[in-house]
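Student: Could we go through this structure together? I would like to see how its descriptive terms are earned.

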Amino acid sequence: MNNTDSFIGREDYKKQMDIFFSYEQQNVALVYGRRRVGKTQLIKHCISLTNMLSIYYECKETSEENNVKSLSEIVSEAFGFPPLSFDSMEQLLDFVFKQALQKDVILVLDEYPYLNKIIAGLDSIIQSLIDKYKDCSRLHLILCGSYVDTMKSLVEKQNPLYGRFDLVIDLKPMNYYESSLFYKGFSDEDKVRLYAVFGGIPYYNRLVDAKKSVKDNIISLIASPSSRLETEVTMYLKSEIQKMNNAYEVFETLARSYVRFADILSQSKVSSSPTLADVLEKLIKMNVVKKVNPINDENNKKKAGYYVCDQLTLFYFKYIYRNLSRLTVMDSDVFYNRFIAEDFEKNYVPRAFEEVCRQFLIMKNRRAELNDGFEKIGKYYYDDVKNHTNGEFDIVTENNSEYIFYEAKFRSEPLTQSLIYKEIEQVNKSGLVCKKYGFFSRSGFEDIDENYKQNLILYDLKDLFV
């Protein structure tokens, strides 16, 4: 198994945490993000790089008394005291703040929403302690949690903790490149396939077995009865949306490539527009669905599309959820070959490849490594009035009102000049005027005249994993 104790990726977040710990006075951080995204691992890794006394506590969904007792034991051991006893969480936290008057101390309250839920006024208690010791304590306090709505509410104006955070990290899934570092031994093609299934969630990627093929990893981890991730998607969704009806119907509809609001409403059988709007809003807050507006018509709600942005969730609802009864009674290889294999290679992975290419361009643009940098990247919507058609181009960049069109091809054959010419002709017919044209090709390029290349931007697969 490709599991390792070494910490992978997250360089930007690590820099932010390093700066946070370098402060010589009290400061407070808020770290949140979806379940399994790697919050705890990031925090623990960054703490390990310091020489500070640290206290890490995972809050329990029990009682205040139970949490006080558990945290008291950890605090006593950390400071080398005999067993300490406290009457309340406020008293205990006050003690920790006082211990940090003379030296740097790190206190992490992980799964903070559990504690927040059972202790009335906890936000106010912590706010009061932060203000009380702000000029004299050297405590580095980190509040961490997976319930995104609860954690986001801590920085809103009506919350007592508003204005008290020196660092806020909304930890996102890794991009395709950082994810590929978990499975270095695979070919570049298979890295795209693995990302298409397991996405940017470190927990999932650590489960990928380097000794198995992509197919066998998919079968053993998600596409067989009692597989490691068999209930991962549904358990995660249930923990976040216990009272949300229609969510599964919406996911199934999105997985079938219905992305416009009106289409989702008609295909999912959700009862009404307000109900659907509410479901989509909640899924967006959970970071499992994203709303995408075309870069050339950002305010047009009718042209907005909704997409499942968590790869494992998308894979699950596209191939597993609708076939659960079959999965339980069929041989796993037969099930994969019948219900996954062909569509996965012809449609699913090529669409994921488009997302990989988009992430590549963003990564290079942030590093200022593109000759043609951009201010925006996204889908471009067009109306072909003459031919009574409309559509979208999936990857278009814009800089000072100049556009570059990119096409991503996950084909087994190289892209030729004639195929590129046909793609460019299609763009020209749409009315999109481009400064340049870019192409990503899984299998490279051939038969392209050097003079023709001058207005082209060409990337093959190896360029994405350098």
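Student: What makes the crossing of helix 4 and helix 6 right-handed?

Tutor: A crossing is right-handed if the near helix is turned clockwise from the far one by less than a right angle, and left-handed if anticlockwise. The crossing of helix 4 and helix 6 is of the right-handed kind. This is a predicted model, where local features need pLDDT of at least 70, side-chain atom pairs count only at pLDDT 80 or more, and totals for chains, interfaces and linings use all residues. Residues are numbered from 1 along each chain as its sequence is written, and side-chain values use heavy atoms, leaving out hydrogens and water.

Student: Why is helix 4 called roughly parallel to helix 6?

Tutor: Helix 4 (residues 89–99) packs against helix 6 (residues 122–133) at an angle of about 25°, with the axes 11 Å apart. Angles under 35 degrees count as roughly parallel, so helix 4 is roughly parallel to helix 6.

Student: Which residues of helix 4 make the contact?

Tutor: With contact meaning heavy atoms within 4.5 Å, helix 4 brings Met89, Glu90, Leu93, Asp94, Phe97 and Lys98. Helix 6 adds residues including Ile125, Leu129 and Tyr133.

Student: What makes strand 8 and strand 14 edges of the sheet?

Tutor: The open sheet has five strands in the order 8-9-10-12-14, with mixed pairing. Strands pair if DSSP finds at least two bridges between them. Strand 8 (376–384) and strand 14 (456–460) each have a single partner strand, so one side of each lacks a neighbour in the sheet.

Student: How do you know that strand 10 and strand 12 pair?

Tutor: Strand 10 (residues 402–409) and strand 12 (residues 434–441) share seven bridges in the parallel sense, and at least two are required. Along them, glutamate 407 stands opposite phenylalanine 439 in strand 12.

Conventions: Axes fitted to C-alpha atoms, helices over the stretch in contact; angles between N-to-C directions. Helix = DSSP H or I, 4+ residues; strand = E, 2+ residues; numbered from the N terminus. Parallel < 35°, antiparallel > 145°, perpendicular 65-115°, else oblique.
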